[in-house]
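Student: I'd like to go through this one by asking how each label is earned. Can we start with the overall size and then zoom in?

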Amino acid sequence: QIRGMGIRGIYDAIFDSKTTDVRLASRIWLFAEDDGAERWFEKSRSDQQLYGFEELTAPRLGQDSWAARGNVGALVLSYAFRMGNAVVVTTYSTQSQELSESAAIAAAQKAEARLRAA
């Protein structure tokens, strides 16, 4: 399905805390055209609803953004945005800690700033 949208690459960065089980994962999907990114972004938004995640108010990031919180064996807090032909999803997860919404927003904003600078 994603190949039909013109996927060009998927890039992951994962950061694990040294003192807790908190993980920050950031994934970028890069498409040949903006249209493919738009379609994938909307699919990612609908997927989080399928998992029963609670939609959160997302800060304005990129050209469009969404945010959600849920539990899939671990607590998850995700922020996603689309900018041109790229879709970025930053996800905090843990099984034992309370997740910081402000830290999750800051990670997403940092990802947006890096993409704008690229």
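Tutor: Sure. The radius of gyration here is taken over C-alpha atoms, and the globule rule is 2.2 Å times the number of residues to the power 0.38. Keep in mind that this is a predicted model.

Student: What makes the radius of gyration of the protein chain agree with a compact globule?

Tutor: Put 118 residues into the rule and you get a value near 13 Å; the protein chain has 14 Å, so the two agree. The C-alpha atoms fill a box of roughly 40 × 30 × 25 Å along the principal axes.

Student: What is the order of helices and strands along the sequence?

Tutor: The pattern reads β-β-α-β-β-β-β-α, with 2 helices and 6 strands in total.

Student: How much of the protein chain is buried?

Tutor: Buried residues make up 44% of the 118. As for the surface, about 6800 Å² is exposed, and carbon and sulfur atoms supply 49% of that.

Student: Now Ser65. Why is Ser65 called buried?

Tutor: Buried means under 20% relative accessible area. Ser65 comes in at 13%, so the label applies. Ser65 sits in strand β4, which spans residues 64–71.

Student: What does the side chain of Ser65 reach?

Tutor: The backbone oxygen of Pro59, at 2.8 Å. The cut-off for a polar contact is 3.5 Å between N or O atoms, and 2.8 Å falls within that, so this pair meets the distance criterion.

Student: Which residues beyond four places in sequence touch Ser65?

Tutor: Among them are Phe41, Arg45, Ala80 and Phe81. Pro59 is in that list as well.

Notes: Residues are numbered from 1 along each chain as its sequence is written. This is a predicted model: local features need pLDDT of at least 70, side-chain atom pairs count only at pLDDT 80 or more; totals for chains, interfaces and linings use all residues. Side-chain values use heavy atoms; hydrogens and water are left out. Helices (H or I, at least four residues) and strands (E, at least two) are DSSP runs, numbered from the N terminus. Buried means under 20% relative accessible area, exposed over 50%, partly exposed in between (1.4 Å probe, protein chains only). Accessible areas come from the Shrake-Rupley method with a 1.4 Å probe; for residues, only the protein chains shown count as cover. A polar contact is a pair of N or O atoms within 3.5 Å; within protein, one must be able to donate a hydrogen and the other to accept it, and residues adjacent in sequence count only if both atoms are side-chain atoms. Contact means heavy atoms within 4.5 Å.
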